[in-house]
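Here are some exercises to work through with the model open beside you. Try each task yourself before you read its solution.

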Amino acid sequence: MSTALLGVSALAAVLPPATAFAAVTATINGATAYQTITGFGASEAFGEAQTVMNAPAATQQQVLSLLYSPSSGAGLTILRNEISADAGDTIEPNAPSSPSATPAYVPLSSINSDQGQLWFAQQIKADYGITNVFADAWSAPAFMKTNDSAINGGTLCGVPGASCSSGDWRQAYANYLVQYAKDYAAAGVPLSYVGPENEANFAPSYDSMLLTPAQTANVIDVLGPTLAASGLSTQVECCATEGWDTAQQYAAAIEADPTANSYTPLFTSHGYSEAPDSPLTGWTKPAWQSEWFDYTTSSWDTAWDDGTPSSGITWAQNIYNGLANANLNAFLYWWGSSPASVSDDNGNLIQINGSTVLTSARLWAFANYSDFIRPGAVRIGATSSNSAVELTAYKNTNGTVAIVALNTATSADPITYSVSGTGTPNGATVTPYLTNASNDTAAQTPATVSGGAFSATIPARSLVTY
């Protein structure tokens, strides 16, 4: 790839076909700066990491490379863990006699390396230098909740409006989350963040816990100081909300609570009930989209552009909207990998089918962002004369620039890119990398910067990286 300029061009299947326009011009302005990008990622929760851990060595390496290698895969840089409350998978399987009694924690090694998640985190750190691992609890342990169960909702005993005969378990829950973080730090993988909840507005028949926005802030009032006093570098993140609509409610509750607000440097949300397409009102700190996939397509979809919400081109559009319109600092898919037996709902980027590893076009949509927009990159000014070509651009910490252009037209568009304020010299070579129905980030004929500009053609309904 070019050492002076990198770029990405993508098309969006979710938009209606548009007419191509001639002589499109694009302006990239390094003097205008927006949010800093933390990265892109996925999860291996609910035993998916264990699937990889138990696979043959060759399959392990293929999965890890496809997800985390910036040269042969998607170049992801973030891993999200599940802090399990399930019997056999939790570090606190037995209830102490009271909330203040000393708990009997079990080591991660006794719960299959935390369902394989610790092993997975250690591998990507050793092989690809990935150190941004964070964890969310879908539920507190059953004995800490009003329904005495890890599933079907229930609320943490002790928060306002949730009293239990067993007592107030808020501090014990905070201690439990901190212990999980301590275990990871001791294993050589310090967690960047821990979160106390996941989609706390509804109660499905899997690990879940109901907390209102006000109750969430109250939990952080306890967790924040406890984590800060632990000596760990790990911080609090919240709230893994269901979508951008509920995100606004939980963010507002944290902002209204001075203690919770001071201990929450990061807000996380998902994209299910509403996609992230605008900044959270009032929230001035980083925000991540930390889980999202399309569960409406009934069979595993590998296509680039088949008109479904699971196609690669759709996810190029989703990532663009999150970064450009919601000012997200990070964008994550649900699972990075999963076996064929559980991947019919497209919750994964790659599928493990025995010793065969299959890729979806969604993986390559992520690759054309994550491979070139590296942690610490700053989004900079980018405009297009053609409304069918939607642009974002980023300056990396090493001085390279990535240009992301989403072309919604049904025919190729020639574009002249004018680049200023980025440090890109005349004579710099830019090599296009094409992703479409027949190519996965394949190098194309280079272009050259001359007079502060270069020209390139975006093929119809494709993703091109310069």
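**Exercise 1. Find the residue just after helix 5 that takes a positive phi, and describe the helix before it.**

Step 1. Go to the end of helix 5: just after it, Gly188 has a positive phi of about 90 degrees. Helices here are DSSP runs of H or I with at least four residues, strands are runs of E with at least two, and both are numbered from the N terminus. This is a predicted model, in which local features need pLDDT of at least 70 and side-chain atom pairs count only at pLDDT 80 or more, while totals for chains, interfaces and linings use all residues. Residues are numbered from 1 along each chain as its sequence is written, and side-chain values use heavy atoms, leaving out hydrogens and water.

Step 2. Check the span of the helix. The expected value is 1.5 Å times one less than the number of residues. Helix 5 has 17 residues and should therefore span 24 Å, which agrees with the 24 Å between its end C-alpha atoms.

Step 3. List what is buried (under 20% relative accessible area; exposed is over 50% and partly exposed is in between, with a 1.4 Å probe and protein chains only). Among the buried residues of helix 5 are Tyr173, Tyr176, Tyr180 and Tyr184.

Step 4. Ask what these buried residues pack against, where contact means heavy atoms within 4.5 Å. The partners of helix 5 are strand 4, helix 3, helix 4, strand 5, strand 6 and helix 6.

**Exercise 2. Describe the span and the surroundings of helix 6.**

Step 1. Helix 6 covers residues 213–228, and its 16 residues reach 22 Å from first C-alpha to last, close to the expected 22 Å.

Step 2. Its buried residues include Gln215, Asn218, Val222 and Leu227.

Step 3. The cover over the buried residues of helix 6 includes helix 5, strand 6, strand 7, helix 7 and helix 8.

Step 4. Now look for Thr155, which sits in the loop between strand 5 and helix 5. Thr155 counts as buried at 12% relative accessibility. Leaving out residues up to four places away in sequence, Thr155 touches several residues, including Gln215, Met209 and Leu211.

**Exercise 3. Work out which residues Arg80 pairs with, and which parts of the chain the pairs join.**

Step 1. Start with the principle: side chains of opposite charge can pair when their charged atoms come close. A salt bridge here is a side-chain nitrogen of Lys or Arg within 4 Å of a carboxyl oxygen of Asp or Glu. The whole structure has 4 salt bridges.

Step 2. Arg80 and Asp136 form a salt bridge, with their closest N and O atoms 2.8 Å apart. Asp136 lies in strand 5 and Arg80 in strand 4, so the pair ties together parts 56 residues apart in sequence.

Step 3. Arg80 also forms a salt bridge with Glu291, at 2.7 Å between the closest N and O atoms. This pair links strand 4 with strand 9, 211 residues apart.

Step 4. Put the pairs together: Arg80, Asp136 and Glu291 are linked in a network of salt bridges. Asp136 is buried at 0% relative accessibility, Arg80 is buried at 0%, and Glu291 is buried at 6%.

**Exercise 4. Is each partner in the Asp305 and Arg461 salt bridge buried or partly exposed?**

Step 1. Locate the pair: the side chains of Asp305 and Arg461 meet at 2.5 Å, N to O. Asp305 is in the loop between strand 9 and helix 9, Arg461 is in the loop between strand 21 and strand 22, and the two are 156 residues apart.

Step 2. Compare the accessibilities. Asp305 is partly exposed at 34%, whereas Arg461 is buried at 17%.

**Exercise 5. Describe how helix 9 and helix 10 pack.**

Step 1. The two helices pack at about 35 degrees, with axes 7 Å apart. Axes are lines fitted to C-alpha atoms, for helices over the stretch in contact, and angles run from 0 to 180 degrees between N-to-C directions.

Step 2. The contact includes Trp315, Ile319 and Tyr320 of helix 9 and Arg362, Phe366 and Tyr369 of helix 10.
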